[in-house]
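Q: Hi! Could you walk me through this structure? I'm new to this, so plain words please.

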Amino acid sequence: MDLTVHQFEQLELMNQKNNNKVLLKGIIFDFDGVIAESVQIKNDAFADLYSPFGNEVVKKVLSYEKNNHGISRFKKIKYYHNSILNVDLSEEKIMELSTRFSELVVDKVIEAPYVPGVLDYIHRSYDKYRLFVSSATPTSEIKQILAGKKIMNYFTAVYGSPESKKNHITDICIKNNLKTEELIFFGDSTSDIDAAKVHGIQFILRIHKHNQTNFQGFIGQKIQNFISLDTNT
């Protein structure tokens, strides 16, 4: 079932751990598919990157991408070449392809529409909580995108690859003196779920057309957009 406004208000008031009331102090957002409707942009870029190798290769790349869009592109490029093309890439070549990928996506992601209601939700949450971004996009690039969308100032810290999301959360807690039970994580991929689970963080899954078939059996809290969490409507 989708998360209701009432249920979310309770999450905002407190998380429960060992029967002790713990105030919510921070919110972590994934970016693609959670803040921006940019998943298809990334899919198209991978299709473009691998189109010289033929349609069958592109189909295999996009099939893997469907279930793994929360993984760093560095790892995926290495995997695609190794597992599909039987080519071992040098780190220099991986960086070259990653740069090409960035050239294909950055401007389009900056122009991509927001997930419905998320910008208002960020505006409302900014004064109450510390906000963070944990993305698989390279750190310098996700900061460039947030600056281009003119929302960089809302976030206490922004994290990207090559560090894992599990490490992002560790750093968030240490540098901001936060306990994991004081955080909520909005994500849309298995990697987001895994990172939250490792740390025992309350997780809320954003369902959209690119991931809905992957999470048909998901039994946790989920939303389709942030409009449903607008307590002013």
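**Chatting through the model**

A: Happy to! Let's start at one spot on the surface: Asp88 is exposed, with a relative accessible area of 67%. Keep in mind that this is a predicted model.

Q: Ok, and where is Asp88 found?

A: Asp88 sits in the loop between α4 and α5. Its C-alpha atom is separated by 7.4 Å from that of Lys78, and the two residues are 10 apart along the chain.

Q: Let's zoom out. How many helices and strands does the chain have?

A: The chain has 9 helices and 8 strands.

Q: And what share of the residues count as buried?

A: Out of 233 residues, 51% count as buried. As for the outside, the chain exposes about 11,700 Å², and carbon and sulfur atoms supply 50% of that area.

Q: What share of the contacts comes from residues 24 or more positions apart?

A: Such pairs account for 67%, counting the contacts in the chain with a separation of 6 or more.

Q: Now the inside. Which residues touch the most other members in the largest nonpolar core?

A: They are Phe29, Phe31, Ile35, Tyr50, Phe155, Phe186 and Phe226, in a core of 51 residues. Helix α5, residues 91–111, gives the largest share of this core, with 8 residues. Another core lies apart from it; that one has 18 residues, including Phe185, Ile193, Ala195 and Ala196.

Q: Pick one from the big core. What is Tyr50 in contact with?

A: If we leave aside neighbours within four places in sequence, Tyr50 is in contact with Val57, Val58, Val61, Ile77, Tyr80, His81 and Leu85.

Q: And Phe186, is that buried or exposed?

A: Phe186 counts as buried because its relative accessibility is 1%, and the cut-off for buried is under 20%. Phe186 lies in strand β6, which covers residues 183–187. From Phe186 to Gln221 is 10.0 Å in space, C-alpha to C-alpha, with their positions 35 residues apart in sequence.

Q: Are there holes in there? What is the volume of the largest pocket?

A: The largest pocket has a volume of about 310 Å³. It is lined by 19 residues, and the closest to its centre are Gly70, Ile71, Ser72, Lys165 and Ser191.

Q: Which element gives the most to that lining?

A: That would be α9, with 4 residues. The elements that each supply at least two residues are β4 (130–138), α8 (165–176) and α9 (190–199).

Q: What classes of residue are in the pocket lining?

A: The lining of the largest pocket has 10 polar, 5 charged and 4 nonpolar residues.

Q: What about closed spaces? How many cavities of 30 Å³ or more does the structure hold?

A: The structure holds 1 cavity of that kind. The largest cavity has a volume of about 160 Å³. Its lining has 17 residues, and Asp32, Lys42, His69, Lys76 and Ala136 lie nearest the centre.

Q: Which elements give two or more residues to the cavity lining?

A: Those are α2 (39–50), α4 (73–84) and β4. The largest share, 4 residues, comes from α2. By class, the lining of the largest cavity has 7 charged, 5 polar and 5 nonpolar residues.

Q: New topic: backbone oddities. Which peptide bond is cis?

A: The bond from Ser161 to Pro162 is cis, with omega near 15°. Pro162 is in the loop between β5 (157–161) and α8.

Q: And what about phi, which residue has a positive value although it is not a glycine?

A: Lys150 is one of them, with a positive phi of about 60°. Lys150 is in the loop between α7 (139–148) and β5. Asn177 also fits the description, with a positive phi of about 50°, and Asn177 is in the loop between α8 and β6.

Q: Why does Asn177 count as exposed?

A: Asn177 counts as exposed because its relative accessibility is 68%, and the cut-off for exposed is over 50%. Lys150 is exposed too, with a relative accessible area of 68%.

Q: Great, thanks!

A: You're welcome!

How values were computed: Residues numbered from 1 in each chain as written. Predicted model: local features only at pLDDT ≥ 70, side-chain atom pairs only at ≥ 80, totals over all residues. Heavy atoms only, no water. 1 Å grid on protein atoms, 1.4 Å probe; cavity = no way out; pocket = protein on both sides within 12 Å on 5 of 7 lines; lining within 4 Å. Points joined across faces, edges and corners; volume = space filled by probe spheres on them. Nonpolar A, V, L, I, M, F, W, Y, C, P; charged D, E, K, R; others polar. Buried < 20%, exposed > 50% of the residue type's maximum accessible area, 1.4 Å probe, protein only. Contact = heavy atoms within 4.5 Å. Areas by Shrake-Rupley, 256 points an atom, 1.4 Å probe, with all protein chains shown as cover. Core = buried A, V, L, I, M, F, W, Y, C linked by side-chain atoms within 4.5 Å.
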